[in-house]
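Biologist: I would like a close look at one part of this model. Please take a single strand and its surroundings, then move on to the aromatic rings and to how far the prediction can be trusted.

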Amino acid sequence: MASVGAAHVLGLRITFPDHQFEENDTLDALQSIIGSKTQNAAAPAGTSPFPYESLSAYYYRTSYGKLSLAGETFDYATKYERDYYTNNPESLVAEALAALDESEDLSRFDANEDGKLDAVYVHFAGPDTGWGSVWWSNESTASDPTLYEDGSVRLWNMVLLAENSSNSWAARTIIHETVHVLGLPDYYSARSQTGQGSDHSGILTFDMMMQNMGDHNGYSKWLVGWLPEEKITRIVANEDGISVTRNGEVLEHHDAVDGDTPSVDATLGAYAGDDASETGGIIVVSNQDTGMFSSLYLVEYDRYAGNQSVRYLDAALAEHELPSGFRVFRVRGELTDDGSDYANSNLYGTVHSQLIELVDPDMDKAHTTGGIDYAPSAVGEDAYGCMLFEESAITPQGYPSTNFFENASIGFTGLTIAAKDTGGETGTISVSYSDDSKPEISGELALTPTFESFSNASVLTLRASTPILKATEEMQQAQLVIDGSTYMLPFTTVKGDTVSTECFLDPEALSPSSRCELVYPAGMFVLGKTGDETLLSPEVRIPLQADSSMAKIASAGLYANTAYESTTPSVSGVLSCPDGNLRFVQAGGDKLTVHTIDQNNPGHLSSSTSIPVSEGGMDEVVKALPLENNHMFVVTRSAGYPSTTGLWIDLEAKAIASKINLSGMDFWAFGARGSEIVVASRHYGDNPVGGTTLSLLSQNEDGSVSAKHAWTSSAEFIATQNHLLFSQISREGYAVETESIAAFSFDDLARHIASVGTEDFENPFPEDMRPEEYADTVFYINMQRVLLSAAESSDGYAMVFSDILQDEESSSGSELLISFGNDATKRAEVQLPLDNSSNSGVSIGRNGCVAVRSSISIGTAQGTQGLAKTVFYDSETLEAKQSLIAATTAIGSWTSDGSWIDIGRSITNTMNGAGSPLGNESNPIEGPLIHYVLTEPIDTPKTDSEIPQDPSTPPSVDEGQSQGTDPDTNDARSDEAAKHGSLEKQFAQTGDIGASLAILAVIAGVLALHAVRTALRTVRK
């Protein structure tokens, strides 16, 4: 497609035998977002609001009338189901074009007659599979050489559209993708799309290539040829002088005096206006005039008009029109050596080191994302501050500055860009140069750690003695030397004087007593630039202290016969079984394998039992529950979650004894009575409304499964080994309070469901099961927190509660761990550390040590989302004793001697090379096998000196006391609770049965309000 002149595009609305469009997603809707069918024809009415009403209208305005775009749309039904085309979406387009070629003259879709179809827009039916996948909205260049219309045209640029075409976001999406057809890149950060980067990233402001909002910026329009030379003012300022030129004519020049120049003024009209054919143009400011593919500053005067009809939110969330002011962009437009691409990018660059970014006067403030409807702006500010307004300036000394990379030693420009007049139809800036703040460059570099100690998974942040830049051409990597072994750390970022290196090692690589040294090789950093000379850093070596709280590792390694193909192995946690064995379940493809850990040598598997799965296969182990008589209940899920199945596994027979479809159940918790399974799931029926469905799944002699269903009004539940815990919740506005938690034994639940349950899952037995009548124990909590996870032992319970849920402003900043006796009396409590984690499991050892597992996110390296930290707390005081970070998929387990075992991935082998040791024969890199780590004993009996002399309960740090009696009730209820709490319970090694899915149960129900609160906070950021 030509960027200037006429364009005629082709739209295809494609359905598959297994995927159809929603009723309102019509061919007319697709035509309306493309716009006019022919040149100069009226566009059909659409649903997308101005200025995104259609592709043709938007691009007529953004090009100032230089690009006249029209298009036609057609329906096509494919021969095969959608998955057939997943590995080659071009074949889908080729099939549709071949069919259309029989009835239509495809050469009319080549308006500039270059032998290529101007653009083909492919709106496909079926779900969007996510950013970076096949079935999402994106633009690509086709490699298919097939010619159409008697060999006159071929497919070239194709745009896939996933959004419903009746939705305004679909119009904004194809507007965004169309400029890719014209050759421009994205201005957002890829990390922001995968949840790894900051929200305030990319171009740092609204833009059609950032968040599908507003107009294309001045640099984009300059690149594609929409700005005439008479609308481009160039100001070049350096130690020799300052010049102003336009359209090749020198308008003004002044020589520098002692390295300083006088200021020159330049006036701009509105960059985008209501008159589609007019623009105020841009000002390009630089030290040298080396063209658009160089480092420069670009200034445009923005007003609320035309395609820049953008709004923002103030501190009170009231919306306002964009004010009139200057936006200044920092551009690093250099090309690669072969000239085929930009040397810098927003997609894979970082803030202050990318192709283009706003020099935002509010850069040092937290920003809102703006969402899809509003421009990003500083949190808590009533006025929009992301522009230059009258009497504001960007200088070499401030932040943000006019120094490239925000580093005067490397990117000093000496430029000052000041706004003199704003607010009207035009705006005036002044530009000057001074070398007064040009720094002296030293060849020395010192790096000082900002931390006292580090663990095997850490971001090592150091402060540099001078602002530096990573030397990308040298491709050097940091090295971590541990007890004589060297590990490569490939992920290092630099921001000003802050150096951050990501360290990802398996826990066995580092012990609390290890001798450690961090090494940055010579030439890894740029210290400064003088003319054409670049000064690189010397080698820097920094001694580091290992974290003394890390658990000591007894053994670790990879289990043979546990190979997996996907990025993350699908395995259960380590299960403590009734026969005393420790097992875990692995799923993949057409088989399920139950591995038994050798208790005499946990580094080996004593057996691996594979069970074939005949129908459909599976991709994920959702839950595994050990049963009596060498049986196990396993819940598996297939890819894309279309089906979920519960399997009774007979380990001796190596076969599936029974199975049941669980796809209709949601947010489960499981428990067992013998071979019977008790399931708690969300109730979505109308009679009764809300609450929880309690299901009893029983095997029949012929292998079939019978199910009965009862109901309780309690909607929040967590499973422990022998009990289901229901929370009694009250809500008032944002405040969410847990009043009490009732513990029901699975035995009692099974008897109750068997006696009163119905066979209709949608309409279970409607009589509410009240805690006073059936609960073993009732814990009176009275806190503005909710239960996240819990575990029990023969001696009591450990429960983890959420952060305080009161309103969108209040927050204690941490979760709370409380231990209770069987009589519901609180023993101890402790606030869990605030470390960017989310709790996902609790387990209590035989001697009372409490293990709390939390999923954590550290750094930005690929795969870090799979990390988990387990902290071990003293049984009496809940004082943190030790910790372990590993790449696990579920909580581990205690062994018979009080050691802890975790299984999952090898951190070193899967973190995209982070922490990879230098290759040597004694430490080879093995394939994708299940990794285990076994600590030295942690849960050990206390000596007399370790037992506290004063067992009194520590004071509560929360809003209410969590005691065994309710101050608002009589003693009879207290006696009843104590009676139920004294029931004898028998346990082997214990673990949290409801680990991962328990959190889903709480978050989905109670934390919905918390999500609202978080969303409001996000808007303010």
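Modeller: What follows starts with one strand and works outward. Keep in mind that this is a predicted model.

Take strand β27, residues 498-504. How many of its residues are buried? Seven of its seven residues are, so the strand is mostly covered. Look at the two faces in turn. On one side sit Thr-498, Ser-500, Glu-502 and Phe-504, and on the other sit Val-499, Thr-501 and Cys-503. Each of these residues is buried, and both faces of β27 are covered.

Now the partners of β27. Strand β22, residues 457-464, runs antiparallel to β27, and seven bridges join the two. To place this pairing in the structure, find Leu-460, which stands opposite Thr-501 in β27. Strand β26, residues 492-495, also pairs with β27 in the antiparallel sense, here over four bridges. In this pairing Lys-495 stands opposite Thr-498. Strands β26 and β27 form a hairpin with two residues between the strands. Gly-496 in this hairpin takes a positive phi near 65°.

Go back to Cys-503 in β27. Its relative accessibility is 0%, so Cys-503 counts as buried. Why is Cys-503 not bonded to another cysteine? The closest cysteine sulfur belongs to Cys-516, and at 8.8 Å that is too far for a bond. A disulfide needs the two sulfur atoms within 2.5 Å. Cys-516 is likewise in no disulfide, and its nearest cysteine sulfur is that of Cys-503. Cys-516 counts as buried too, at 8% relative accessibility. A search of the whole structure finds zero disulfides.

Next, the aromatic rings. The structure holds 29 aromatic pairs. One of them is Trp-131 with Trp-136, an edge-to-face pair. The centres are 5.8 Å apart and the planes stand at 65°. Trp-131 is partly exposed, with a relative accessible area of 33%. Trp-136, at 17%, counts as buried.

A second edge-to-face pair is made by Phe-779 and Tyr-797. Here the ring centres lie 5.2 Å apart, with the planes at 75°. Phe-779 belongs to strand β48, residues 777-783, and Tyr-797 to strand β50, residues 796-801. The pair therefore ties together parts that are 18 residues apart in sequence. Both Phe-779 and Tyr-797 are buried.

Some rings group together. Phe-16, Tyr-80, Tyr-84, Tyr-85, Phe-124 and Trp-135 form one aromatic cluster. Other rings have a charge over them. The charged end of Lys-116 sits over the ring of Trp-156, 3.9 Å from the centre of that ring. Arg-172 has its charged end over the ring of Tyr-52, 4.8 Å from the ring centre.

Last, the confidence. The protein chain averages a pLDDT of 85, and 85% of the residues score at least 70. Which stretches fall below 50? Residues 807-811 do, and this stretch has twelve contacts in the model beyond near neighbours in sequence. Over residues 951-1021 the pLDDT also stays under 50. The model has 178 contacts beyond four places in sequence for residues 951-1021. Where pLDDT is low, the predicted coordinates should not be read in detail.

Methods: Residues numbered from 1 in each chain as written. Predicted model: local features only at pLDDT ≥ 70, side-chain atom pairs only at ≥ 80, totals over all residues. Heavy atoms only, no water. Buried < 20%, exposed > 50% of the residue type's maximum accessible area, 1.4 Å probe, protein only. pLDDT = per-residue confidence, 0-100. Contact = heavy atoms within 4.5 Å. Phe/Tyr/Trp six-rings, centres within 6.5 Å; stacked < 30°, edge-to-face > 60°. Lys NZ or Arg CZ within 6 Å of the ring centre and 35° of its normal. Pairing = 2+ DSSP bridges.
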